[in-house]
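The exercises below ask you to work through one structure by hand, each with a solution that proceeds step by step. Please keep the sequence and the coordinates open beside you as you read.

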Amino acid sequence: MWKRLSWLMLGWGLAAPGLAEVMPVPDVTVGPAGRHLVLNLPQARLFLYQDGKLARIFPVAVGKMLTQTPIGSFDITGIYKAPAWHVPKSIQDEMKRNGKPVQTVVPPGPDNPLGPVFVRFGESKLGLGFHGTNAPASVPGFRSHGCVRMKNNDALELAGTVSRGDAVTVAYQTILLNEDQNGDLWLTIYRNHYKQDDPSMPYLAQTLLDWQRQHRIALYGKRVDDALKSRNGKPVCLSCKKAVAGINGELTAVPWLSHLNLPQPLPASGPVEDERQPGPPLSQRGRAGVKAG
């Protein structure tokens, strides 16, 4: 497919060491008012937007291959402090197969896989939520049974920030295009952990050609090939003359996917069976207390 880019300038190199500290952002339309959570599964990152502006990025652990976190649009539907973990039957069976003691309910405390708080999104039957963990080393990654694990302090911060009804978008974007404050174009490609067909791939070459014509800046086609081969999640500058370059300020998404209404990859069938908590929601005062903790 890259014959169409053959006339681009050739160049070498990956992003400079430390560039991964500047996090690329996915191309998801965010409302101009209120809070909006965007979870991009290939990145294992949760983006918190306030009034259309990026306010916080959290590392997370999402579903593994056999228990994928489903994509789609959701709302925050509950916030639960000090949750008990009602162990799903499938995980009880997994405990039995692994020779571990089979538990049906794990009470609140340091051994609870939910950590100190559970923020549910979507209908309760889906069993989806953001929550803390008793295994902080598992964050970030692809290790859960479908829910979204966070470091305990991050989970508490999130619970003290969001409210019922806040929007949640779960996306699956392996290819990110961003511009820095200098106007340079950065390409970041992540591993396709769920081995889904990537509907964005056919649009990448044309998007790069359009960007080049619009900005009248030659892009380095060889760097695109290198990024596609490595899929290492490191931002690569396609417009910088130097192969090893630094990102100028923050990165903002190039709107190349959000307006296409592309088909989304299908998650694993059946409801998520992970760390569910049916307890009562926190009061507003309770949420403030969690945030302070």
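**Exercise 1. In the hairpin of β2 and β3, which residue takes a positive phi, and how many residues lie between the strands?**

Solution. The hairpin of β2 and β3 has 2 residues between the strands, and D51 there takes a positive phi near 50°. The model is a predicted one, in which local features need pLDDT of at least 70 and side-chain atom pairs count only at pLDDT 80 or more, while totals for chains, interfaces and linings use all residues. Residues are numbered from 1 along each chain as its sequence is written, and side-chain values use heavy atoms, with hydrogens and water left out.

Next, consider the pairing itself, where two strands pair if DSSP finds at least two bridges between them, and where strands (E, at least two residues) and helices (H or I, at least four) are DSSP runs numbered from the N terminus. Strand β2 (residues 45-50) and strand β3 (residues 53-59) run antiparallel over 6 bridges, and F47 has I57 as its bridge partner in β3.

Then turn to the other neighbour of β2: strand β1 (residues 35-40) also pairs with β2 in the antiparallel sense, over 6 bridges, with L48 in β2 as the bridge partner of L37. The hairpin of β1 and β2 has 4 residues between the strands, and A44 in this hairpin takes a positive phi near 55°.

Finally, check the covering of β2, taking buried as under 20% relative accessible area, exposed as over 50% and partly exposed as in between, with a 1.4 Å probe and protein chains only. Of the 6 residues in β2, 5 are buried.

**Exercise 2. Which residues are linked with R56 in a network of salt bridges?**

Solution. Begin with the criterion, by which a salt bridge is a side-chain nitrogen of Lys or Arg within 4 Å of a carboxyl oxygen of Asp or Glu; the structure holds 6 of them. One of these joins the side chains of D154 and R56 at 3.4 Å, N to O, and this pair links distant parts of the chain, with D154 in helix α2 (residues 152-159) and R56 in strand β3, 98 residues apart.

A second step finds E157 and R56 in a salt bridge at 3.0 Å, N to O; because E157 lies in helix α2 and R56 in strand β3, the pair ties together parts that are 101 residues apart in sequence. R56, D154 and E157 are thus the members of the network. As for accessibility, D154 is buried at 12%, whereas R56 is partly exposed at 28% and E157 is partly exposed at 28%.

**Exercise 3. Which side chain of opposite charge is nearest to R223, and how far away is it?**

Solution. Locate R223 in helix α4 (residues 221-230). With Lys and Arg counted as positive, Asp and Glu as negative, and His and the chain ends not counted, the nearest side chain of opposite charge is D226, 7.1 Å away, and R223 is buried without a salt bridge.

D226 instead meets K222 in a salt bridge at 2.7 Å, N to O, both residues lying in helix α4, 4 residues apart, about one turn of the helix.

The side chain of R223 reaches the backbone oxygen of C240 at 2.8 Å. C240 in turn forms a disulfide (a pair of cysteine sulfur atoms within 2.5 Å) with C237, the sulfur atoms being 2.0 Å apart. The torsion about this S-S bond is about 80°, so the disulfide is right-handed, and both cysteines are buried.

Terms used:
Polar contact = N/O pair within 3.5 Å; in protein donor to acceptor, adjacent residues only side chain to side chain.
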